[in-house]
Amino acid sequence: MSNAMNVNGMNGSSDLLKVSNLKKYYPVKTGILQRVSDQVLAVDDVSFTVKNGETLGLVGESGCGKTTIGRAILRLTEPTAGAVEFDGKDLLKLKGEEMKAVRRDMQIIFQDPYASLDPRMRIGDSVMEGLEIHKIGDKKDRYQLAVDTLKKVGLEEYHSRRYPHEFSGGQRQRIGIARALALQPRFIVCDEPVSALDVSIQSQVLNILKDLQQELGLTYLFIAHNLGVVEHISNRVAVMYLGKMVELADREELFRNPLHPYTKALMSAIPIPNPRLRREHIILKGDVPSPLNPPKGCRFHPRCPIAVAQCAVEEPPFVEKSPDHSAACWLA
């Protein structure tokens, strides 16, 4: 089982994906002439790597830029600035057929399993769509590949003849996973793939993703807002806040010793599956500021329980505080 891994360790440590100083700004247009009057700083100077065969969890509140990062990496939305290297190739410099060829190795599982499927297309045709675009095999080969892929996610051949509305939410997400797997990619962006599912179904889908990773040697960027889910599936965890990365560490290190106050607040909200135990909750004051007008200095300082004067005027650098544990906080 080449390139295979388990959730506690990886075979090999080479970087498959390298994101450097990634920015994505959305222009705000006003007036009759629709002139650009401001910018929404959805992703603002984010850098990280994803090692070959690992799962990097990306967490944070809604609107912090997690999904935008995933889409920008795949160029489903074009970055404003920065660099994205996949297996040594600068994706932002590729065009036409070159980019199309790389897309075979990079796929995405969308958050909403129903909206990502064409309601007028049979499931088998949806799974075969990518194979047809990339001209893989003939019609018979493509059908067999689609059936084999559906079986990998726990569905059967007869399911290929049904339409999306005939499936439950969990089954539709399995179909979404099958679509991503059909082209035999190396890297998959999992954009909150279980957030729309019941808790009992979440565990099934997560176990499918882990089993497929072991079997096929896949690399995941796993986007979520649930730290419990991220702890279950990730090797390393990155925490986002208002377009910025505030902490990045090995999963065990992060959950044992979180450094950033925002990470600590997120972890205090994780339920403990024991009614006799209590965790002290950190209640953050105020609302998340707008990415249209983020606070000066540290973006978290208006809500931070330990902020000092420096936090309001000077932005903390994202630096390594201990081996393989980075954070952006003056007091960490």
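Helix α3 gives the most to the lining of the largest pocket, with 5 residues. The model is predicted. The largest pocket has a volume of about 510 Å³. Inside, the structure holds 2 cavities of 30 Å³ or more. A nonpolar surface patch includes Ile-306.

**Largest pocket**

- The lining of the largest pocket counts 24 residues.
- Nearest the centre of this pocket lie Gln-107, Ile-108, Phe-110, Arg-179 and Leu-183.
- Two or more lining residues come from each of α2 (96-103), β6 (106-109), α3 (123-133) and α5 (169-181).
- Sorted by class, the pocket lining has 13 nonpolar, 7 polar and 4 charged residues.

**Largest cavity**

- About 60 Å³ is the volume of the largest cavity.
- Four cysteines help line the largest cavity: Cys-298, Cys-304, Cys-311 and Cys-329.
- The rest of this lining is Pro-261, Phe-300, His-301, Pro-316, Trp-330 and Leu-331.
- The class split for the largest cavity is 9 nonpolar, 1 polar and no charged residues.

**Second largest cavity**

- The second largest cavity has a volume of about 30 Å³.
- Its lining takes in Glu-61, Ser-62, Gly-63 and Cys-64, together with Leu-242 and Val-288.
- By class, the lining of the second largest cavity has 3 nonpolar, 2 polar and 1 charged residues.

**Surface patch**

- Ile-306, Val-308 and Leu-331 make up a nonpolar patch on the surface.
- Together these three residues have about 230 Å² of accessible area.
- Leu-331 belongs to this patch, and Leu-331 also lines the largest cavity.
- Ile-306 sits in the loop between α9 (261-268) and α10 (309-313).
- Ile-306 counts as partly exposed because its relative accessibility is 41%, and that class runs between the buried limit of 20% and the exposed limit of 50%.

**Ala-42 in strand β2**

- Ala-42 lies in strand β2, which covers residues 35-51.
- The relative accessible area of Ala-42 is 11%, so Ala-42 is buried.
- Buried here means under 20% relative accessible area.
- Ala-42 and Lys-23 are 19 residues apart in sequence.
- In space, Ala-42 and Lys-23 are 7.7 Å apart, C-alpha to C-alpha.

Methods
Residues are numbered from 1 along each chain as its sequence is written. This is a predicted model: local features need pLDDT of at least 70, side-chain atom pairs count only at pLDDT 80 or more; totals for chains, interfaces and linings use all residues. Side-chain values use heavy atoms; hydrogens and water are left out. Patches are made of residues with over 30% relative accessible area and no salt bridge: like charges are joined within 9 Å, nonpolar side chains (Val, Leu, Ile, Met, Phe, Trp, Tyr) within 5 Å. Accessible areas come from the Shrake-Rupley method with a 1.4 Å probe; for residues, only the protein chains shown count as cover. A salt bridge is a side-chain nitrogen of Lys or Arg within 4 Å of a carboxyl oxygen of Asp or Glu. Helices (H or I, at least four residues) and strands (E, at least two) are DSSP runs, numbered from the N terminus. Buried means under 20% relative accessible area, exposed over 50%, partly exposed in between (1.4 Å probe, protein chains only). On a 1 Å grid over the protein atoms alone, a cavity is a set of points where a 1.4 Å probe fits but cannot get out, and a pocket is an open set with protein on both sides within 12 Å along at least five of seven lines; lining residues have an atom within 4 Å of a point. Grid points are joined across faces, edges and corners, and a volume is the space filled by probe spheres set on the points. Ala, Val, Leu, Ile, Met, Phe, Trp, Tyr, Cys and Pro count as nonpolar, Asp, Glu, Lys and Arg as charged, and the others, Gly among them, as polar.
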